[in-house]
Amino acid sequence: MSELRLEELAASNIVAANTLSLKPGQEQFVAPVSHSIAEAYVNPATAWPRVVLEDDEVVGFIMGNFDPDAQEDEFKACIWRINVAADAQGHGVGRFAVLAVADEARRRGLERITVIYEPGEAGPAAFFEKIGFTPYGETPYGETVAALEL
Ligand SMILES: CC(C)(COP(=O)(O)OP(=O)(O)OC[C@H]1O[C@@H](n2cnc3c(N)ncnc32)[C@H](O)[C@@H]1OP(=O)(O)O)[C@@H](O)C(=O)NCCC(=O)NCCS
C-alpha cells in the first residue's frame, strides 16, 4: 500500500507542484498551477495551498480557500483547484486531497465546502459527485457550483 500525505506548499515542493502533468483534454478545465500559487501569494490570510505526496513524490496539488468574511456563501470554504498528476489519477489521490480540505473545514467549525468547476465530459463533475458533492447552481460563466455537506 502506498502512503499518501499532505504538505504545505513550500520552497521544497513548489517546482514539482507547478509541473504536475495532466491527461490530454484536461487542460481546458484548469488554469496552470502557477495561477493558484500566485493567488495563494496574494491571499495569504485565506488561501490553503497543499501538495499531496505519495511515497514522497508530489502527485497532487489542492488549494482550499477559507474566508469567513466572504459575502457569498460559496466563497466561505471553497476548493479553488485540484490537480492530480496524469499517471497518479484513478487511485484515490484526488479523494484524499478533497477530504483533507473537508477535515480542515470541520476543524474550523464549518458545515460545508463548495467547489466551482467547468461542466463537460472530460471534466471533474463525476469525480466531485462521487465524493458526495451536490451541484446546486451555476455561475454567470456557466460553471457548476456544488457543495459537500460535512
Ligand atoms: C478530477 C481529479 C482531481 C480526480 O483525481 P483522482 O485522483 O483521479 O480521483 P480519485 O482516484 O480519488 O477518484 C475518486 C472517485 O471518483 C471517481 N472518478 C474520478 N475521476 C472520474 C471521472 N473522470 N469520471 C468518473 N468518475 C471519476 C473514481 O472512480 C473514484 O470512484 P470510487 O470511489 O468509486 O473508486 C483528476 O482527474 C484531475 O486532476 N483532473 C484534472 C484537473 C481538474 O479537472 N481539476 C478540477 C478543477 S477544480
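Leaving out neighbours within four places in sequence, Thr-46 is in contact with Gly-64, Asn-65, Phe-66 and Asp-67 in this predicted model. With one of these residues, Asn-65, Thr-46 also forms a polar contact between side chains, at 2.7 Å. Thr-46 belongs to the loop that runs between helix 2 (33–42) and strand 2 (47–54). Its relative accessible area is 17%. Thr-46 counts as buried because this value falls under the 20% limit.

The ligand is found elsewhere in the description, beginning with its site: the largest pocket is where the ligand sits. Around the ligand there are 17 residues, of which Val-84, Gly-90, Gly-92, Gly-94 and Arg-95 come nearest. Three elements each supply at least two residues of this shell: strand 4 (77–84), helix 3 (93–107) and helix 4 (125–131).

Backbone atoms of the protein approach oxygen atoms of the ligand at several residues. At Val-84, a backbone N or O atom lies 2.7 Å from a ligand oxygen. For Gly-90, the distance between a polar backbone atom and an oxygen atom of the ligand is 2.8 Å. His-91 likewise has a backbone N or O atom 3.2 Å from an oxygen atom of the ligand. As for coverage, the ligand on its own has 930 Å² of accessible area, and the protein covers 74% of that area.

Notes:
Residues are numbered from 1 along each chain as its sequence is written. This is a predicted model: local features need pLDDT of at least 70, side-chain atom pairs count only at pLDDT 80 or more; totals for chains, interfaces and linings use all residues. Side-chain values use heavy atoms; hydrogens and water are left out. Helices (H or I, at least four residues) and strands (E, at least two) are DSSP runs, numbered from the N terminus. Buried means under 20% relative accessible area, exposed over 50%, partly exposed in between (1.4 Å probe, protein chains only). A polar contact is a pair of N or O atoms within 3.5 Å; within protein, one must be able to donate a hydrogen and the other to accept it, and residues adjacent in sequence count only if both atoms are side-chain atoms. Contact means heavy atoms within 4.5 Å. A residue is near a molecule or strand if one of its heavy atoms lies within 4 Å of it. Accessible areas come from the Shrake-Rupley method with a 1.4 Å probe; for residues, only the protein chains shown count as cover. On a 1 Å grid over the protein atoms alone, a cavity is a set of points where a 1.4 Å probe fits but cannot get out, and a pocket is an open set with protein on both sides within 12 Å along at least five of seven lines; lining residues have an atom within 4 Å of a point. A molecule sits in a cavity or pocket if more than half of its atoms lie within 2 Å of its grid points.
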